[in-house]
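Here are some short exercises to help you find your way around a new structure. Try each task on your own before you read the solution.

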Amino acid sequence: MIPAQFSYRRASTVDEALSVLAEHGDDAKLLAGGHSLLPLMKLRLAAPEVLVDIAPIDELRYVRADDDGVAIGAMSRYHDLHRDTVLREHAPLLAHVAGSVGDQQVRHRGTVGGSIVHADPAADLPAAILASDGVLVARGPGGERRVPAAEFFLGPFTTPLEPDELVTEIRIPRQTGLGWGFEKFTRRAIDWAIVGVAAVGRSVGLINMAGTPLRARATEEALANGASVAEAAELAAEDTNPPDESHAPPDYRRHLARVLTARALDKAAVPA
Amino acid sequence: MKVAIEVNGQTVAEEVEDRTLLVHYLRETAGLTATNIGCDTTSCGACTVLLDGESVKSCTMLAAQADGHAITTMEGLTADDGELHPLQRAFREQHGLQCGFCTPGMIMASVSLLDHNPKPTRQEVRDGLEGNLCRCTGYHNIVSAVVEASGQEVDR
Ligand SMILES: Cc1cc2nc3c(=O)[nH]c(=O)nc-3n(C[C@H](O)[C@H](O)[C@H](O)COP(=O)(O)OP(=O)(O)OC[C@H]3O[C@@H](n4cnc5c(N)ncnc54)[C@H](O)[C@@H]3O)c2cc1C
Ligand code: FES
Ligand code: FES
């Protein structure tokens, strides 16, 4: 399978990428790791006229701890994040989740920025970033803006990002010492989660329980009001709208959400 | 566009369509056919090569993305005098292949795996190779081969 014709451009700074986007508008797409976009293009489900390869933007490949928390450059690859000592210390949930995406080869290419902007409800990092109260930093022709993860995921593959904007950074409040747990239920080794749960402290993010990643609000409130993990986890599927597939109908997914939430919270109860 | 890639230590530079996939560049432009296309959907790992030393699936990369970088294919593992790489030798010794279609991808993924984890357990080999499918062997002997190549005792 070969993608439709396009013209390949390369940007090695954010400004360069923004100027190509400004020039071509809707016809251009950013190419980060390419592990969501290229498969879509090969299936001809996407056919941008211009591809802007942002892999050379080294200024977006970093993890830094500062007073507010941890800042992750959008072009950091899963493999970088999984091994990063700063991330492991201050946001260990994200380091672990990054090591659970796809397989070794996928982790060498896929980026955190690509995963967020692709906004697949079955993706792992978006739910973990949501549970972590993460904030996304985007740059466009009008300058920089910050969007909390809680306002970023609008629907399946839908975000408030404009076609001429680029996500540059993901900011995570420091989680040093907080317990965390990640549970991902898959059918085969490298599959996306049928359901997944990312917990840090008493925050819970759900993967694939609706058209977007979700917080398990009822569970979180119950915990705040003194409920046990077992009691709170019973509420994990409230206000969810899980997809219906022949191998995993909604009821089955709700059951998984409860079981996996209990497991993730049990792990998160142990301080890191 | 003109794409120049250092393939197994030698620069291959050729004018190709922007949409050319890396795997096609390697097989058709560079004439190196060890790298196979199995699924063409990033699932099977048959097309695995090393990009700057790290395993990637070349059916899901553009040749343009590798422009200016170094690629190693299975051909590049064998020394000029024909001496096999320890992983190639171990796959032969441990009978880690039957039809051989998955083998180049398996071996390139294993190079990367051992690079990150030089003394893996059997389970770690299985986890590390989860992106590579084999329809023949049942994986057992593949795991043994990687363990042998890592210099550890093969405990079947
Ligand atoms: C075999 C396989 C298994 C996988 N398994 C999993 C899994 O288990 N869990 C999981 O979460 N994911 C999985 N994925 C998806 C993978 O995580 C992708 O890497 C990720 O979804 C997209 O990241 P990317 O860097 O490859 O983005 P690309 O494919 O390059 O881009 C995706 C989209 O985001 C846009 N974009 C990229 N970067 C930016 C940016 N900085 N600013 C603005 N827009 C941007 C692009 O224009 C495009 O629309 C899998 C993929 C494959 C091929
Ligand atoms: S051919 Fe590339 S992963 Fe199967
Ligand atoms: S040996 Fe035949 S597919 Fe692996």
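This is a predicted model, and we begin with one residue in a loop.

**Exercise 1. Find the surroundings of Gln175(A).**

Solution. Start with the contacts. Setting aside neighbours within four places in sequence, Gln175(A) touches His90(A), Ala91(A), Pro92(A), Leu93(A), Ser132(A) and Val200(A). Next, pick out Ser132(A) from that list: its side chain and that of Gln175(A) share a polar contact of 2.9 Å. Then place the residue: Gln175(A) sits in the loop between E8 and strand E9 (180-185) of chain A. Finally, check its cover. The relative accessible area of Gln175(A) is 4%; buried means under 20%, so Gln175(A) counts as buried.

**Exercise 2. Describe Ser203(A) in the same way: where is it, and is it buried or exposed?**

Solution. First, locate Ser203(A) in strand E11, which covers residues 203-207 of chain A. Second, take its relative accessible area, 15%. The limit for buried is under 20%, so Ser203(A) is buried. Third, list its contacts beyond four places in sequence: Ala131(A), Ala198(A), Arg215(A) and Glu220(A). Of these, Arg215(A) has a side chain that makes a polar contact of 3.4 Å with the side chain of Ser203(A).

**Exercise 3. Work out which strands pair with E5(A), and in what sense.**

Solution. Begin with strand E4 (residues 63-65) of chain A, which pairs with E5(A) in the antiparallel sense over three bridges. A hairpin of three residues links E4(A) to E5(A). Now turn to strand E8 (residues 166-173) of chain A: E5(A) and E8(A) run antiparallel and are joined by five bridges.

To see both pairings through one residue, follow Val70(A) in E5(A). Ala65(A) stands opposite Val70(A), and Val70(A) also stands opposite Ile172(A) in E8(A).

As a last step, look at the cover of strand E5 (residues 69-73) of chain A. Five of its five residues are buried, so the strand is largely enclosed by the rest of the structure.

**Exercise 4. Decide whether Leu51(A) is buried or exposed, and find its contacts.**

Solution. Leu51(A) belongs to strand E3 (residues 50-53) of chain A. Its relative accessible area is 0%, so Leu51(A) is buried. Beyond four places in sequence, the residues that Leu51(A) touches include Phe6(A), Tyr8(A), Leu31(A), Leu37(A) and Met41(A). Look at the chain letters too: Leu62(B) is also among the contacts of Leu51(A). For a distance along the way, compare Leu51(A) with Val20(A): they are 31 residues apart along the chain, and their C-alpha atoms are separated by 9.5 Å.

**Exercise 5. Build an overall picture of chain A: how many helices and strands does chain A have, and how compact is chain A?**

Solution. Count the elements: chain A has eleven helices and twelve strands. Chain A has a radius of gyration of 18 Å, close to the 19 Å that the globule rule gives for 272 residues, so chain A is as compact as a globular protein of that length. The C-alpha atoms of chain A fill a box of roughly 55 × 45 × 35 Å along the principal axes.

Now consider the inside: 56% of the 272 residues of chain A count as buried. Among contacts in chain A with a separation of 6 or more, 61% are between residues 24 or more positions apart.

Technical notes
Residues are numbered from 1 along each chain as its sequence is written. Chains are lettered from A and ligands numbered from 1 in the order in which they are written. This is a predicted model: local features need pLDDT of at least 70, side-chain atom pairs count only at pLDDT 80 or more; totals for chains, interfaces and linings use all residues. Side-chain values use heavy atoms; hydrogens and water are left out. Helices (H or I, at least four residues) and strands (E, at least two) are DSSP runs, numbered from the N terminus. Buried means under 20% relative accessible area, exposed over 50%, partly exposed in between (1.4 Å probe, protein chains only). A polar contact is a pair of N or O atoms within 3.5 Å; within protein, one must be able to donate a hydrogen and the other to accept it, and residues adjacent in sequence count only if both atoms are side-chain atoms. Contact means heavy atoms within 4.5 Å. Two strands pair if DSSP finds at least two bridges between them. The radius of gyration is taken over C-alpha atoms; the globule rule is 2.2 Å times the number of residues to the power 0.38.
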